[in-house]
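Subject: A structure for you to explore

Hello,

Here is the structure I promised to pass on to you. Have a look at it first, and then read my notes below.

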Amino acid sequence: MTRAHNFSAGPAALPQEVLEQARDELLDWQGRGVSVMEISHRSPEYMAIATEAEQDLRDLMGIPANYKVLFMQGGATSQFAMVPLNLMGAASKADYLNTGHWSIKAIKEGRRFGGVNVATSSEDQNFSTIPDRDSWQLDPDAAYVHYTPNETIGGLAFADIPDVGGVPLVADMSSNILSTPMDVSRFGLIYAGAQKNIGPAGISVVIVRDDLLGQAADACPTLMNYQNIADNDSMLNTPPTYSWYLAGLVFKWLKRQGGVEGIAQVNDRKAAKLYGAIDGSDFYSNPVDPRYRSKMNVPFKLQDDNLNAEFLSQAAEQKLLYLKGHRAVGGMRASIYNAVSEESVDALIAFMADFEKRYG
């Protein structure tokens, strides 16, 4: 069977090796005659899966000992509420950086639980850049500063971890976690939905510094309280066991690629090739300030929007799938997460060149 080139923004491509292992183990996990989906999450066998997955993630990201790693149900959108419920505390206010679609969603949800100060925004520039750091209006008394390092829809990404002083930094890393080395100690809390670089949809990872636990509002539901989840090793209730198992397989695959450092080199090459093809053409264009271009999500437009449907149709015939841009920005978008091979990016670039030759 020939696998397609999958450029979906999420749920996204998974490593073929992982899918093959999951297929082989689906009905008979470790020779036990049952699927991993069919065993108790509290059994010693499953507890070993969970423990190993956490340790592999700690190894990959260099997570310090004074941080808890939580595997939680739901996606990053649920964390938009959990973060303020757990961290706003007595301050009842927080700073948010607005750099696109997902920032806006987080800001809207944060306002349900306290005061939100939008410390900077590039909305007036159509989220094509990130305002200079010296223009940000940060509140030193804020409970935390929230930002989205990589905006999947607009393809805008921070080049570095922002300096926000002594206020805890909170990051929605759903679309860039494990794609490049990050100093976890610079953050108070990191969260990420799984369905881009971790595994299938249905599970989220939260990495939270110990001193930020135990501050949840009284109204915080039991299953949304980070302290409760940490105290019960992410098994306060039945977790999404199969998604957790698959995430563990992805972590092991990533270690075989040379870890985050190794995959980052591949990601750098993929992004450089694709942006090079776009910038070297009069037929394609990318609207994002080159200093802040995403290495995970590459939006681009054709010279003539009337050709969009034809481009997508012909791309699909070549098994180049899910390239349609988000409705908010239009055009095309190629999501090139960790599991998207360099060969897939090369195939896309070759198709783009051929399409330009025929229609440019």
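**A small sheet to start with**

Strand E11 and strand E12 (residues 297-302) run antiparallel and are joined by two bridges. Helices (H or I, at least four residues) and strands (E, at least two) are DSSP runs, numbered from the N terminus, and two strands pair if DSSP finds at least two bridges between them. Within this pair, Ser285 stands opposite Lys301 in E12. The open sheet has three strands in the order E11-E12-E14, with antiparallel pairing. Its edge strands, each pairing on one side only, are E11 (284-285) and E14 (332-335).

Before you go further, please keep in mind that this is a predicted model, in which local features need pLDDT of at least 70, side-chain atom pairs count only at pLDDT 80 or more, and totals for chains, interfaces and linings use all residues. Residues are numbered from 1 along each chain as its sequence is written, and side-chain values use heavy atoms, with hydrogens and water left out.

**Two domains and their interface**

The protein chain is divided into domain 1 (16-256) and domain 2 (258-359); these bounds come from an automatic or database domain assignment. Their C-alpha centres lie 27 Å apart.

How many residues of each domain are in contact with the other? The answer is 26 residues of domain 1 and 24 residues of domain 2, where contact means heavy atoms within 4.5 Å. The area buried between the domains is about 2,000 Å², and carbon and sulfur atoms give 57% of it. Buried area here is the accessible area (1.4 Å probe) that two parts lose on being put together, summed over both. Ile153, Gly155 and Ser179 supply 23% of the area that domain 1 buries against domain 2, more than any other three residues.

Between the domains there are 13 residue pairs in polar contact (both at pLDDT 80 or more). A polar contact is a pair of N or O atoms within 3.5 Å; within protein, one must be able to donate a hydrogen and the other to accept it, and residues adjacent in sequence count only if both atoms are side-chain atoms. On the side of domain 1 that touches domain 2, the elements giving two or more residues are strand E6 (150-151), strand E7 (156-157) and helix H6 (241-256). H6 gives the largest share, four residues.

**Salt bridges**

The rule finds zero salt bridges across the interface of domain 1 and domain 2, while the structure holds 19. A salt bridge is a side-chain nitrogen of Lys or Arg within 4 Å of a carboxyl oxygen of Asp or Glu. One of them joins the side chains of Arg256 and Glu17 (3.0 Å, N to O). Because Arg256 lies in helix H6 and Glu17 in helix H1 (residues 16-25), the pair ties together parts that are 239 residues apart in sequence.

**Some loops to look at**

Gly10 and Pro11 are joined by a cis peptide bond, with omega about -5 degrees. Pro11 lies in the loop between strand E1 (5-6) and H1. Gln195, in the loop between E9 and strand E10 (203-209), touches Gly10, Pro11, Ala12, Pro200 and Ala201, not counting residues up to four places away in sequence. Gln195 and Ser174 are 21 residues apart in sequence and 7.9 Å apart in space, C-alpha to C-alpha.

Finally, try finding Leu178 in the loop between strand E8 (169-172) and strand E9 (189-193). Its phi is near 70 degrees, a positive value in a residue other than glycine.

Happy exploring!
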